[in-house]
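Trainee: I'd like a close look at a single part here. Could you walk me through one helix and its surroundings?

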Amino acid sequence: MNRQSSSKKWLLTGLALVITAFHLIPFYILLTNSLKQMGDFTSKWSFPDYFNLENFALAWEQAGLANAFTNTAIITFSAAVLLILFGSMAAYALARRTTKLNKFVYILFVGVMVIPPLTALVPLYRLVVNFGLMNTHIVAVLNNVAAFLPLTIFLYAGFIRSTIPKELEEAAKIDGASTLKIFFKIIFPLLKPITATVLIISSVYIWNDYQFAIFFLQDSSVQTLTVVLASFFGQNGSQLNLVAAAALLASLPMIIVFLFLQRFFIEGLAAGSVKG
Amino acid sequence: MKKTIGISVLSISAMMAIAGCGGSGSGGEGQVKLTLMSTATTKADQDIFKEIVKDFEKENPDIDIEDSYPSDGYEDLARVKMAANDLPDLFDTHGWATSRYSEYTEDLSSMDWASRLDPAMEPILTDEDGKLHAYPINQALDGVSYNKTLLDEYGIEVPATFDEFIAALEEVKEKSNGEVVPLWLGGADKSQFGQYFDQFATPLLITDEENSYEEELLDGSFDWSNYTYLAEKLKEMNDKELLNKDVLTAQVTMGPELLAQNKVAFVMLNGSVGREVTGLNPDVQMGTMPVPPIHEGDSPSWIGGERHTLAVANNSEYKEEAKQFIEYIAQPEVAKKFAEGTSLPDALTDVEADNYFAEFYKQYEGTQIQPYFDRLYLPSGMWDPMGATGQELVAGTLTPEQVSDKMSQEYTRLRSE
Amino acid sequence: MVQTLTKGSVRAKTESKRKRKKRGDSSLWWMYLPSVLIVFLFIIFPFLDGIRISFTNWNGFSQAYDYIGFDQYKRMFADPDTWLVVKNTLLYGIGSTILQNIIGLGYALLLNHHLKVRTLTRTIIYLPVIISPLIMGYIWYFFFAYNGGALNDIFILFGMEPINVLSDPAVNPYIIVFVNTFQFVGIAMIIYLAGLQSISKDYYEAANIDGASAWQKFKAVTLPLLMPSITINIVLNIIGGLKLFDVIVALTNGGPGNASQSMSTFMYNLYFARQDAGYAATQGVLMALIILIISMSALIYFKRKEVEA
């Protein structure tokens, strides 16, 4: 019995390793290529027999990645803060007060999730220009907040309904606390697990946004990583090694954050799926 | 009361969160910021733009030019910007100065350089009312470019007719044992197919007197079955493996590199390709030839017109500064630098620019110059279907007849707009 | 005594105050006002305006256009490209959903064992999720490219002809499904893992006593109890797959021609390259309808299953 289960364990471990290796392929190819000098057309599977990081320096410089990083970070951070603030407040009201109006608003939010973002692009563009928001971080922030609010509200509302006892608020109400105070002092701290979920899902999404950034952030001073990378790829299609270096650099911060905080990433997602 | 305070606190904090990141950066106080958007696509072209912009900024420290080069996405962006009436202060009209962009341009006819404008350029950029829509930075003289070193090596004559062209392609394939791509297209970008159709439509449908459909094309009665020939020939070339195998996924930017490695004979690329290839490999010389005739008795033609232009947006806040930039680049020495940097002829009468292909232009001196087929004879918006149907033809999802049908449908729709 | 009295009267006072206020306060509408404003301004209003445009022949930039009734809708239903693109979109949506769920569940079942390499495997499988789909598309482009692609390096090594999968209209939609699945299978895996870990061991012990086989246990215990995870996964994957955009742009740009175009990329192309904004908006309405119908029916179907289980 014991031997059988240990050989089964070896088998499963082997299987897991094969799967892991398979999933590493794209990263492996990205790495070998980014290390090769321009004009090195040896197999994509082999590492170069020399060491040079020139591609990274060139890509960093030519694509203007430093500026793109700053922009992406600012936009992602501000959008995440607003999402959590507005989303949790809205969800609280919608989950706790089931008036006709609130039911309608809730259904509206859920319904909006199916609207393909591109269908609204041209009218949205006109609006943004009329407000004078072109090429500002604000438009990228608000766009991403709008795109992610419905899901955020959906997740928060599910969590509040299923895990936050009403008694807590009632006790506080009796003490004469205002709704806002109750929310921020009592409820919001209890939402931590789902806030982590929202933060992680939305940050990844916003960090990687391309569809909207490409239109609203044309000025190179406000461009985000994806936009910069897409145009870099367009201009250097024949120098895949350079593009690979840029792609690797652009993904690196997220990879590092993920590797260090992966417990939160994975638990956050799991919590969102079980409770949401 | 408490509630209102709460809301205002909230909204203020929200505003602060946003405002903290609101500033769009560069440029000190009192600086004028001009936006410029160009169709420059290759690195060489973009580099010369950037260099000249920098020189200008150095001379005019109070003006900051924010230049952008969306390459493939230029037309898309320009359309969105037109829709929002938000074109950059300076933008490229790429052949559509007097039609698509005409509502959005500032009249430049009173500027100094207007009197020095190449007579060939004037009618293209001026409308009936005498409004001059854009400044031409350089001119296109498009034909077919080729790897001269390779052709010389194989002893292949530069073709003088379309049939000879196909024969030359076959010869390349044969003599290189299939190692060299006879005609290379970077067809991941539809415009490479567009370039093929657009250039060869001129000898097929315009220049030969007995086969001229100018009137029909312009009045909308054109019978598109006359266009099928080009699709058939493209299909034939593909079937005979005279095109690169990855014609549908090859990136345009790979072209010069392959030419420099002697892996390609003919390309539908022009202008700066010559300088770029020789820059990559000094042992390779490039040549260029006008578009060969298709019908017997007809003569070849260059496909010409303005290449890079700059127009001033008529709703720009800084028209004077934008004009100042145009004035700057219209100075003979800057114009010369620009023309040489892009390896294309300049568009002013008092500039003598050296050109990579100068000897070839001289060799074909007197050859007629025809405008781009789609710019003159087709309604705005046909460029995309022209390239897309070419892709589908080569992919095998459309027959040559269906290509013509599709073109006919789009032609009718876009004409009615 | 006095104290309690005053306290009581204060409470009565606030109570009556609250009652007076209740009508306005009961919805707490001001708490979701910012959210409603943002969503209205940035999604709902532009979307409605898009519907209006679908009744015009607007070219996408000109300041003038005409209202032409249902002409664009008639044109849409007669256009063979519409059906090609809908077919692709369904393939991307449903194909990726099926693959992601089967493979994701498989991975979750494997990693539910206490293996030493569990954390490593989980990390690597999940890693692509955090990378931009656009970049992921480019990376796979390096893999599948005809010229110097990693796949063809293997083919050449074994003396075979290099293949050009990205330009073959019969193959490249499946490549897109593969890349999308590869990227997001980690999400399905994690959600299933969480689901599996919430199933109490008692169920399996009871099944063991009944002498159930592994497959019987999976069918009778695991699957029904995983139903909530399945619902979430399927709905998330379908919506994501049907809206697919970035990966297609990076890998094939919808080509050759329209062969691998999804409704998103097709619409984009109509708007900006074809000067056909009215028609693009019409396609957008169709797309919203398709996503709505499919995701809602999936949601209802699986919710019902959940109740049955």
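Mentor: Let's start with the chain as a whole and then zoom in on one helix.

First, some ground rules: this is a predicted model, so local features need pLDDT of at least 70, side-chain atom pairs count only at pLDDT 80 or more, and totals for chains, interfaces and linings use all residues. Residues are numbered from 1 along each chain as its sequence is written, while chains are lettered from A and ligands numbered from 1 in the order in which they are written.

Chain B has 17 helices and 12 strands; helices (H or I, at least four residues) and strands (E, at least two) are DSSP runs, numbered from the N terminus. With a radius of gyration of 24 Å, close to the 22 Å that the globule rule gives for 417 residues, chain B is as compact as a globular protein of that length. That radius is taken over C-alpha atoms, and the rule is 2.2 Å times the number of residues to the power 0.38. Along the principal axes, the C-alpha atoms of chain B fill a box of roughly 85 × 50 × 45 Å.

Of the 417 residues in chain B, 51% are buried (20 or more other C-beta atoms within 10 Å of a residue's own; exposed means 12 or fewer, partly exposed in between, with C-beta atoms placed from the backbone). Contacts (C-beta atoms, placed from the backbone, within 7 Å) tell you about the fold too: among those in chain B with a separation of 6 or more, 75% join residues 24 or more positions apart.

Now for our close-up, helix 3 of chain B, residues 74-83. Seven of its 10 residues are buried, so the helix is largely enclosed by the rest of the structure. Those buried residues are B:Glu75, B:Ala78, B:Arg79, B:Val80, B:Lys81, B:Met82 and B:Ala83. What covers them? The cover includes helix 5 (121-130) and helix 10 (213-216) of chain A, strand 3 (90-91) of chain B and helix 12 (263-272) of chain C. Just after helix 3, B:Asn85 takes a positive phi of about 50°.

Strand 3 of chain B, part of that cover, also belongs to an open sheet of five strands in chain B, ordered 2-1-3-11-4 with mixed pairing. At its edges, strand 2 (63-68) and strand 4 (135-136) each pair on one side only; pairing takes at least two DSSP bridges between two strands. Strand 1 (residues 32-37) of chain B runs parallel to strand 2 of chain B, with six bridges between them. There, B:Met37 stands opposite B:Ser68 of strand 2.

How values were computed
Two residues are in contact if their C-beta atoms, placed from the backbone, lie within 7 Å.
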